[in-house]
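Here is a friendly walk through one protein fold, with the sheet first, the cores next and the charged pairs last. Keep the viewer open and follow along.

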Amino acid sequence: MKKIVIMGASSGMGYGVAEALASRGVKVGIAARHVAPMKALKEKYPEFVEYAKIDITKPEAVNQLSDLIEELGGMDIYFHVAGIYNENLYLDPEKDVAVATTNCAGFARMISAAYRYFRVNKKKGQIAAITSVAGTKGIGRLAAYSSSKKFGQWYLDAIEQLSNAENSGITITDIRPGWVRTPLENPDRNYPMNMTVDYVVPKIIKAIVRKYRVAVVDWRWNIFTGVWRSIPNAVWVKMDPTISTPDPNYPTVGDQQEEAQESNEI
């Protein structure tokens, strides 16, 4: 039986995939910063779930991943979902640094650790990751976030090249969803082509099982990103990045204290 480790599985897509697989008798190792939801899933499927508290921004996360893999009895698939999302139209530097720390540094830390595990153990494993359609273009109100998703996409390209050069047999799956309805979304805003977790989870599992190289979720977003990519950069940079008129009462940089959360959105 294949064993999968899901990083960022305390809510949203990561939790949804973990629950769906555990319910089918797949052994799942789950990790995130928030323990309570993972503990509840372990209690629901005690024979098929192991969990660990891991913060991917910390260097010790690599050893903690190794411990979770050992507790699970091995790993055939590593699935990376963990990340944070911030809209930052006013360019609060701390928000952008937080996004880069988690979505770039944390991403590289854990993906590289998974790759080394497969390499050392001579396993033809699979590395799958949630990036985003946001990585298609640099988005003004999501400057750090959209850039971090492009980083993730190119990082996966790079390690696929490395896998081929080493003839390691490690396969790469890049899953790029659009907006997904989670508690992180602002309930007062309408998001374009918004999808539910229940709708998205089967498509994610299908992409992993069939080892798709790139899977855009869903077909509407696939068409949209195709159009998006066709816009010349000289035109793109002159487009208005705001979804709505900025609020004159928007807090100043010094007042913005939003906590970074695990992202399951665009």
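In which sense do strand 1 and strand 2 pair, and over how many bridges? Strand 1 (residues 3-7) and strand 2 (residues 27-32) run in the parallel sense, joined over 5 bridges. Please keep in mind throughout that this is a predicted model.

**The overall picture**

The protein has 266 residues, and 48% of them count as buried. Its secondary structure comes to 8 helices and 9 strands. Among contacts between residues at least 6 apart in sequence, 69% join residues at least 24 apart.

**The sheet**

An open sheet is built from 7 strands in the order 3-2-1-4-5-6-9, with parallel pairing. Strand 3 (49-53) and strand 9 (214-217) stand at the edges with a single partner strand each, so one side of each is left without a neighbour in the sheet. From one strand to the next, the twist averages 15°.

Let us begin with strand 2. Of its 6 residues, 5 are buried, so strand 2 is largely enclosed by the rest of the structure. Val5 has Gly29 of strand 2 as its bridge partner. To get from strand 1 to strand 2, the chain passes through helix 1 (residues 12-22), and this β-α-β crossover is right-handed. Another residue facing strand 2 is Met7, which stands opposite Ala31.

Strand 2 also pairs with strand 3, in the parallel sense and over 5 bridges. Here Ile30 stands opposite Tyr51 of strand 3. Helix 2 (residues 35-44) joins strand 2 and strand 3 in a right-handed β-α-β unit.

Now move along the sheet to strand 6 (residues 171-177). Is strand 6 largely enclosed by the rest of the structure or left open? With 6 of its 7 residues buried, strand 6 is largely enclosed by the rest of the structure. Strand 5 pairs with strand 6 in the parallel sense over 5 bridges, and Ala128 stands opposite Thr173 of strand 6. The chain crosses from strand 5 to strand 6 through helix 5, again as a β-α-β crossover that is right-handed. Strand 6 and strand 9 pair in the parallel sense too, over 4 bridges, with Asp174 opposite Val214 of strand 9.

One helix deserves a look against the sheet: helix 4 lies across strand 1, strand 4 and strand 5, and runs at about 175° to strand 4.

**The nonpolar cores**

In soluble globular proteins, nonpolar side chains tend to be buried together. Which residues touch the most other members of the largest nonpolar core? In this core of 47 residues, they are Ile6, Val17, Val28, Ile30, Phe79, Ile175 and Ile204. Helix 6 (residues 197-209) gives the most to this core, contributing 7 residues.

Ile175 makes a good place to zoom in. Leaving aside neighbours within four places in sequence, Ile175 has contacts that include Phe79, Ala129, Ile130, Ile204, Ala207, Ile208 and Val217. Apart from the largest core lies another one, of 28 residues, among them Ile111, Ala113, Ile127 and Leu156.

**The charged pairs**

How many salt bridges does the count come to? The count comes to 9 salt bridges. The table lists some of them.

| Pair | Closest N to O distance |
|---|---|
| Lys42 and Glu50 | 3.3 Å |
| Asp76 and Lys123 | 3.1 Å |
| Arg141 and Glu87 | 2.9 Å |

In the pair of Lys42 and Glu50, Glu50 counts as buried because its relative accessibility is 16%.

What does the salt bridge between Asp76 and Lys123 tie together? Asp76 lies in the loop between helix 3 (61-72) and strand 4 (77-80), and Lys123 in the loop between helix 4 (93-120) and strand 5 (126-130), so the pair ties together parts that are 47 residues apart in sequence. Asp76 is buried, with a relative accessible area of 19%, whereas Lys123 is partly exposed at 24%.

The side chains of Arg141 and Glu87 meet in a salt bridge as well. Arg141 sits in the loop between strand 5 and helix 5 (143-166) and Glu87 in the loop between strand 4 and helix 4, so this pair ties together parts that are 54 residues apart in sequence. Both Arg141 and Glu87 are buried. Finally, Asp157, Glu160 and Arg213 are joined into one network by salt bridges that share partners.

Terms used: Residues numbered from 1 in each chain as written. Predicted model: local features only at pLDDT ≥ 70, side-chain atom pairs only at ≥ 80, totals over all residues. Heavy atoms only, no water. Salt bridge = Lys/Arg side-chain N within 4 Å of Asp/Glu carboxyl O. Buried < 20%, exposed > 50% of the residue type's maximum accessible area, 1.4 Å probe, protein only. Helix = DSSP H or I, 4+ residues; strand = E, 2+ residues; numbered from the N terminus. Core = buried A, V, L, I, M, F, W, Y, C linked by side-chain atoms within 4.5 Å. Contact = heavy atoms within 4.5 Å. Pairing = 2+ DSSP bridges. Axes fitted to C-alpha atoms, helices over the stretch in contact; angles between N-to-C directions. Right-handed = clockwise from strand over helix to strand, strands pointing away.
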